[in-house]
Amino acid sequence: MTFRHRDKDGFAPLHAYAALGEGRSIALSAADGSIDWWCVPNMDSPPLFDRLMTGDMPLPDGTFGGYFVIRPEEDYQTTQSYRPHSNVLDTRFTTATGEAVLSESLNSGSAGRLPWCELARRIEVTRGTMRFRLDMRLGHQAGQRSPYLSRGGDHQLFHVGDVLGMLLHDSDTVSLLAEDDRIHGTFELAEGQRQTFAIIAGEGEPLVVPKLSAIDRRIDVSDKEWRDWAAIFDEGDDLSSYMLRQALVLKLLLYSPSGAIAAAATTSLPERIGGDKNYDYRFAWVRDAGYTIISFLDLGAEAEAKAALTWLLNQLANHGSRVCFALDGGVDDTVLPLPLPGYRHSQPVLRGNIAARQHQHGTYGDIFETVASFVGRGNIIDARSAEVLSHLADECTDHWRQPDSGIWELPEVQQYTMSKIACWQALSRAVELADAGHLPTTCRDRWDRERARIAEFIETQCWNEKIGAYTMYPGTDRLDASVALAVRFSFDGNDKLERTLDAIDRKLGAGPFHYRYSGAEKEEGCFLACSFWMVDARNRLGQVDRAHKAFDDLRAGLGRGTGILPEMVDPKDGSWLGNMPQGLTHLAALQAAAGLRRKE
């Protein structure tokens, strides 16, 4: 991709970012050489760099957002791309005097994730000469911390609260100026010369200081580790390569210390510029985790699937049916507004998510679909997990008639059609699991009878013959694009589902994209997962050519980035919206591509 300039307040377009990660933290690196978001040491920690939420404007206390820039001093053009089959990133700069490549990695070692954060950036001039600017400014955690520098032996350290770190570089050839919250300077390289800069950091723990040469080597070790992991997936054709890129992004969102799967790496990126629908997605949703586990199983990533499923079942056993959990486990329903401007002046900026307080019937369907996929591939559920699942099936049987917040976590509780379909799905899978010997059969017949009652409710209360569709909830003309998932869940009645898809295209479609539900166009952009769900549904209903065209149109409409995808897009100008990389978008894209590939 080619970088487009930041706006007057220093905000870059979201499509200009790529993600780096190592299984614990994720950094967003813009195509102008600026890392504008990095939470240290964990994905859900306060950010060390937070320019994504501040731009270049001074904050009320006189401080600035944090960032880490390496870029040419003179005017330049730039392109950015991942290395093949890898999450190591290359940014290519071209100036009047030369060309250079900036290679970036959140490093791992040959034995896996390092016990510290290691952000490595290698700049190499491949033609001519080039003078570079380096500027590292530490974030102030929304005014809650005052960064400072100190000396520790021969090393210059930085402190941000309990975070301790260092910027490592070759001090014999590069001289940098230091202030309490900033390290900066310039340097020049000629053809064939290179410099490596690295941040090592940890929180409340001793800090290892590796040799810079070892860090430099780990950029290539990390690249090899990514390629080795990816080797089991790629089969050379276009669709499998596309699926691999989605899998590589999902791997970034797998929080390896616990096995949780983060919904996204960011908080409060707006669903509409200037709007207030801004949320913290650095949590593990049952829905997203379930879909990711299924996708990892499809790809053969059994270790990742097993770790994530074990974590998810443990959370459900310990805390009951919840919408989402903290990445290290447990339920955190605290929501704190932060005094930051927000991306392109979109507020609020939040830490925490109110969804943790909600109930959604969809979690029943998600967990049972996930377990059914797990055992459907020859795997086994243990006795404790089977007991947890049996209790959840009983809970679903008792609760399905109650209104809930729905898949879209709306403040208005309703008898949402998709929630009823999810309850039907949960009890259908529970019956199948019991019949196959994976769950106790004590309540099997009760689950079966209640499943039939749910199906009758959907058919008699949620179908609207006037508009020819299953509506968002009984008694309304509003539509919900998530109903497209009913096709994947094998809900009965393909004719009605086809008519529902047609109605969704007519009423919620905007070019290749779709809004989540009727009225959403006034509040937010188009939700990308919905459009990929529509592709998958069309394909499963046998409308293969139509599904292929919709998929190709979607890819074309999202082709401006490096491979990571956001939650939403503005259909008017194609600008990206919402938190990213958005796991649900990548999951839907991967599943749509996999379905199309199976039909080839």
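# A chat about surface, fold and salt bridges

User: What area does the protein expose, and what share of it do carbon and sulfur atoms supply?

Analyst: The protein exposes about 21900 Å², and carbon and sulfur atoms supply 47% of that area. Accessible areas come from the Shrake-Rupley method with a 1.4 Å probe, and for residues only the protein chains shown count as cover.

User: What sort of model is this, and how are residues numbered?

Analyst: This is a predicted model, in which local features need pLDDT of at least 70 and side-chain atom pairs count only at pLDDT 80 or more, while totals for chains, interfaces and linings use all residues. Residues are numbered from 1 along each chain as its sequence is written, and side-chain values use heavy atoms, with hydrogens and water left out.

User: How many helices and strands are there?

Analyst: The protein has 14 helices and 30 strands. These are DSSP runs numbered from the N terminus: helices are H or I with at least four residues, and strands are E with at least two.

User: What is the radius of gyration, and what would a compact globule have?

Analyst: The protein has a radius of gyration of 24 Å, which agrees with the value near 25 Å for a compact globule with 600 residues. The radius is taken over C-alpha atoms, and the globule rule is 2.2 Å times the number of residues to the power 0.38. Along the principal axes, the C-alpha atoms fill a box of roughly 75 × 50 × 50 Å.

User: What share of the residues is buried?

Analyst: Buried residues make up 62% of the 600 residues. Buried means under 20% relative accessible area, exposed means over 50%, and partly exposed lies in between (1.4 Å probe, protein chains only).

User: Now to charges. How many salt bridges does a search of the whole structure find?

Analyst: The search finds 49 salt bridges. A salt bridge is a side-chain nitrogen of Lys or Arg within 4 Å of a carboxyl oxygen of Asp or Glu.

User: Why can such side chains pair?

Analyst: Side chains of opposite charge can pair when their charged atoms come close.

User: What does glutamate 188 pair with?

Analyst: Glutamate 188 forms a salt bridge with arginine 131, and their closest N and O atoms are 3.7 Å apart. Glutamate 188 lies in strand β16 (residues 182-190) and arginine 131 in strand β11 (residues 117-137), so the pair ties together parts 57 residues apart in sequence. Arginine 131 is partly exposed, with a relative accessible area of 36%.

User: And which residue does arginine 597 meet in a salt bridge?

Analyst: Arginine 597 meets aspartate 237, at 3.0 Å from N to O. The pair links distant parts of the chain, 360 residues apart: arginine 597 is in helix α14 (residues 583-599), and aspartate 237 is in the loop between α2 (212-230) and α3 (238-252). Arginine 597 is partly exposed at 25% relative accessible area, and aspartate 237 is partly exposed at 25% relative accessibility.

User: Where do lysine 549 and aspartate 553 lie?

Analyst: Both are in helix α13 (residues 544-557), 4 residues apart, so they are separated by about one helical turn. Their side chains meet in a salt bridge at 2.8 Å, N to O. Lysine 549 is exposed at 55% relative accessibility, whereas aspartate 553 is partly exposed at 32%.

User: A change of topic: is tyrosine 473 buried or exposed?

Analyst: Tyrosine 473 is buried, with a relative accessible area of 11%. Tyrosine 473 lies in the loop between β25 (469-470) and α10 (485-488).
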